[in-house]
Amino acid sequence: MILYDATTIHTAPFPDTAEGRGLKSFLVPLVQHGPGPWFEDRANMFVLGLDDLLIPLSVTEGTFGNSVLHSVYERFIGSQRKAIRTGNWKPLAGFAASSALWGVGAVMKTLRLDKAVQVDCWPSLRNAGANLTADQARRLTAFLTTRFPDHAPYFLAVNPVTHAALLNHLQAQGYDFAYMTHTRMMLPFEPELERRVRENRRRDARLLEPSGYRLVDARGELPGCAPRLAELYRRLHREKYATNPPISVTYMEEMLAGSLLDVRALVKDGRVDMFYATVVMNGVMYSPVSGYDTSLPQEVGLYRLINNLLMRDAQARGVTLETGGGADPFKTLRGDRPVPRYNAVYLRHLPPWRHTPWRLAMKVGNEQLLPFSRKRLHAVDGEANVVGFDRVPEVFAPTLPTPREATARQEQELTELEQDLARTEALSGNERVRHLGALRKRLEDEQLPPARVAPLLERWEHLSHAPQADKKEKRKAQRAVRAELARRLLETATTVGDTTVVCHHLGDGLDFQPRTLAEQLRKGTGSIAVALTSTREGTLELVTALAPPLVERGLEARRLLEQMVPPGAASGEGGAELAWAEAVLPDDDVSAVLERARAVLHTRLSLPT
């Protein structure tokens with residue numbers, strides 16, 4: 001193992017990848033200058049090289065005044081007392097609770113709770129911790145207790161969705177656990193997402209376009225914006241919500257100069273009113289810093305906008321989104337799920353009196369904060385959606401699908417959509433229409449990445465229009481066939497006086513109705529009489545048609561059709577100009593039918609047969 005400090009951090013073997021360079025841009029200035037310029041905290045920062053891992057460490061000496069990023073005391077006592085002051089506590093109950101916490105905190109201070117080594121200390125980031133193997137957890141603990149024998153090594157705010165294996169390895173090494181608070185996570189794809197959740201997400205997604213705001217890349221399009229970003233953070237996270245850590249202009253400048261975080265902002269009339277930064281760690285997207293102008297009316301919807309934009313970014317990447325605690329009623333209506341978080345501490349190398357402040361922290365966390373969180377979340381989310389808040393478990397297990405599992409479910413849905421589209425190509429008629437309707441609903445799921453869905457929607461559009469195109473081509477081909485057949489029939493027709501007589505058997509299995517051809521012939525120029533037959537599956541189809549001059553002379557197509565077949569063999573439909581019928585006759589009667597038609601026409605036209 002190698003411990004890198006401010007003088008040697010530049011030699012640490014950061015991977016020469018985009019992610020490695022991003023991590024280096026974050027950690028190197030943090031180790032070289034400490035957390036003071038960024039967070040007003042006091043701590044010595046190191047990076048521990050363990051196998052192929054680089055693990056940041058924060059070493060504090062038990063002094064107080066740090067933020068929740070570098071102080072266990074502030075996590076369990078200071079921030080809780082601030083929450084009581086700004087919450088909806090009744091005066092007497094608030095005073096009693098705050099006083100009790102003050103007393104516990106006084107003991108913690110005296111017994112130097114914060115003389116500790118925070119492992120995987122990524123201040124302002126989450127889910128960045130390494131999932132150590134059992135052997136790595138053992139070696140790391142042995143190294144830290146030897147190198148810092150008077151300090152308590154601890155892991156801050158570890159959740160079982162991303163780091164269940166790590167929690168179990170630490171438990172096997174003798175670490176103790178204190179519930180800290182809950183966070184919330186939104187999965188990239190849930191097949192049975194509630195209707196109200198979908199509706200809320202869709203309403204939020206419609207806010208940006210009419211708002212007049214323009215979403216921009218703050219790093220590339222807003223030079224010199226760091227002071228404004230720091231101001232927006234302060235307004236939201238220090239003035240409105242006082243329990244959050246201070247973050248300086250220097251942090252914003254380093255963030256914009258580095259490459260670890262993506263930073264986006266909403267701009268209107270040249271003014272930045274909202275911003276958020278994102279990073280993906282261990283398959284989870286999180287926003288380490290954000291802010292908006294709290295002086296603007298709530299109707300502007302900046303909070304709803306920032307949450308929806310984060311959700312869209314996470315879904316576009318197919319990753320889980322961690323939205324943090326707070327605003328639980330709002331977040332549960334958008335599908336976020338609560339997840340517990342724990343602090344893990346190793347105390348076996350310390351004298352018994354140094355165990356006491358940590359035992360108090362565990363008592364506060366496990367006996368006060370955990371039941372309070374459970375009760376509050378049950379009221380907001382319902383008991384069925386609150387998993388893992390009964391007690392500190394003996395064996396840690398994910399309370400939600402892990403980020404890898406959640407992403408795999410989304411990938412499976414996309415794969416199934418591709419396969420269903422391929423299967424639909426082989427269908428036709430109403431069956432294809434039904435399948436296309438069901439596929440459209442699935443493709444419109446707002447949980448799917450737009451860039452991945454776009455080509456699938458193009459295939460869907462092609463398939464939905466293909467039957468219409470096929471029908472047009474089929475009709476065009478049928479018109480060509482009928483035109484050619486009509487030409488041949490006219491060439492072989494007989495003439496009786498001034499009338500052209502077409503009597504013909506068209507054969508079996510036509511792709512069109514015979515009356516369509518008869519109507520086409522009837523509408524030709526001159527006086528024409530038509531009698532056609534065809535067979536389809538053993539049934540004789542008959543059609544007769546007469547041009548208007550013949551109708552004027554008293555001839556009727558329906559009467560002609562009735563005279564073509566034996567009495568009662570068929571009941572015709574139609575009228576004077578066009579008539580049709582079906583009959584079942586022996587094959588040798590087909591020619592007789594046409595002969596009767598010729599005889600009738602010759603008779604009615606007053607010519608010898």
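Which residues are linked with Arg228 in a network of salt bridges? In this predicted model, the network joins Arg228 to Glu231, Arg235, Arg271, Asp273 and Asp293. Side chains of opposite charge can pair when their charged atoms come close. A search of the whole structure finds 49 salt bridges. Three individual pairs are described below.

Glu413 and Arg442 form one of these bridges. Their side chains meet at 3.2 Å, N to O. Glu413 lies in helix H15, which covers residues 403-425. Arg442 lies in helix H16, residues 429-443. The pair therefore ties together parts that are 29 residues apart in sequence. How accessible is each partner, Glu413 and Arg442? Glu413 has a relative accessibility of 11% and counts as buried, because the buried class takes values under 20%. Arg442, with a relative accessible area of 25%, is partly exposed.

A second bridge pairs Arg440 with Glu444. The closest N and O atoms of this pair are 3.0 Å apart. Arg440 is partly exposed, at 25% relative accessibility. Glu444 is also partly exposed, and its relative accessible area is 46%. That value falls in the partly exposed class because exposed means over 50%.

The third pair is Glu239 and Arg234. The side chains of these two residues meet in a salt bridge of 2.1 Å, N to O. Arg234 has a relative accessible area of 36%, so this residue is partly exposed.

Terms used:
Residues numbered from 1 in each chain as written. Predicted model: local features only at pLDDT ≥ 70, side-chain atom pairs only at ≥ 80, totals over all residues. Heavy atoms only, no water. Salt bridge = Lys/Arg side-chain N within 4 Å of Asp/Glu carboxyl O. Buried < 20%, exposed > 50% of the residue type's maximum accessible area, 1.4 Å probe, protein only. Helix = DSSP H or I, 4+ residues; strand = E, 2+ residues; numbered from the N terminus.
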